[in-house]
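Hello,

Please find below the structure I promised to pass on to you. My notes on what turned up in it follow directly after.

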Amino acid sequence: MPLEAVEARRLYRQVADQLRSLIDSGEYAVGSRLPTERELAEQLKVSRPTVREALIALEVEGRLRIRVGSGIYVIEPAAVAAPAQASVIEGPFELLRAREFLESAIAEQAARVATKHDLARIDASLVAMENVGHPGEASMVHDRAFHVAIAGSLGNAVLVRVVGELFDQRLNPYFAKLAHYFESPGTWRTALDEHRAVRDAIAAHDPGAAHEAMRAHLARSQERFAQNFGAETAAGSASGQSRAVRSAAKPSKPKHAPSKPAAGSGARRR
């Protein structure tokens with residue numbers, strides 16, 4: 001028998017698999033409410049962003065319904081199975097942490113080397129962002145153009161491609177779900193201010209300020225996506241069932257679980 005490739009499962013998929021098993025075994029019946037994200041994170045010994053990614057994955061699969069301000073509920077399984085590629089989709093927070101690490105360094109270097117023509121491209125994308133509605137496809141096109149323009153100022157086609165490909169991961173269904181819950185015209189205006197701070201630091205040729213402005217922008221993006229779905233007490237009635245999560249978690253508890261959502265802040269040399 002030929003050997004098969006071994007692929008490490010992403011942490012959020014492990015959490016999703018455990019929760020799905022509990023639902024399938026009847027620990028959480030259709031219509032019941034799950035514990036809060038905070039409780040699940042404590043019981044599973046993982047970060048809240050990891051739990052958030054797992055819950056979003058299960059909602060995309062049609063196993064859960066998230067009601068902002070109320071809680072997380074088990075629903076009848078969807079008639080259509082989850083897409084086969086679900087197991088290889090990067091989690092939204094994983095992607096944002098990668099972007100925070102990479103694009104902060106790119107912005108820092110852009111502040112050193114950006115020319116007037118580079119700034120003109122960055123400014124053109126900002127003007128377009130200011131004159132488009134959000135959320136929507138057009139706003140994402142111009143947001144992508146802003147980040148790609150900054151990478152383009154370094155004159156490295158590989159970095160341009162990588163930044164563009166990382167941004168394009170926003171098109172996956174997990175990001176779409178998070179955007180549905182947490183993006184609005186208000187968050188867009190806030191993000192625009194953050195983009196302007198990055199642009200101004202690059203224009204001022206201040207590498208340290210550019211690094212920090214980009215890091216702060218992508219860290220705050222994670223914070224916006226990490227807002228509570230509902231009150232922390234929403235799952236109080238499920239406290240008895242929550243012991244099942246703790247028991248199910250023990251056999252496969254990860255040895256190294258992240259404790260904070262942001263991992264890119266240490267990238268800058270001091």
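A cavity here is a set of points, on a 1 Å grid over the protein atoms alone, where a 1.4 Å probe fits but cannot get out, and a lining residue has an atom within 4 Å of a point. Grid points are joined across faces, edges and corners, and a volume is the space filled by probe spheres set on the points.

This is a predicted model, in which local features need pLDDT of at least 70 and side-chain atom pairs count only at pLDDT 80 or more, while totals for chains, interfaces and linings use all residues. Residues are numbered from 1 along each chain as its sequence is written, and side-chain values use heavy atoms, with hydrogens and water left out.

Searching the whole structure gives three cavities of 30 Å³ or more, and the largest holds about 200 Å³ of space. It is lined by 17 residues, of which Arg170, Glu183, Ala191, Ser221 and Arg224 are the closest to its centre. Helix H10 (207-225) is among the helices (DSSP runs of H or I, at least four residues, numbered from the N terminus) that each supply at least two residues of this lining, and H10 gives the largest share, five residues.

Strand S1 (residues 64-67; a strand is a DSSP run of E, at least two residues) has Leu64 and Ile66 on one face, both buried (under 20% relative accessible area, 1.4 Å probe, protein chains only), whereas Arg65 and Arg67 point to the other face and are not buried. S1 pairs with strand S2 (residues 71-74) in the antiparallel sense over four bridges, where pairing requires at least two bridges found by DSSP, and Leu64 stands opposite Val74.

Best wishes

Conventions
Buried < 20%, exposed > 50% of the residue type's maximum accessible area, 1.4 Å probe, protein only. 1 Å grid on protein atoms, 1.4 Å probe; cavity = no way out; pocket = protein on both sides within 12 Å on 5 of 7 lines; lining within 4 Å.
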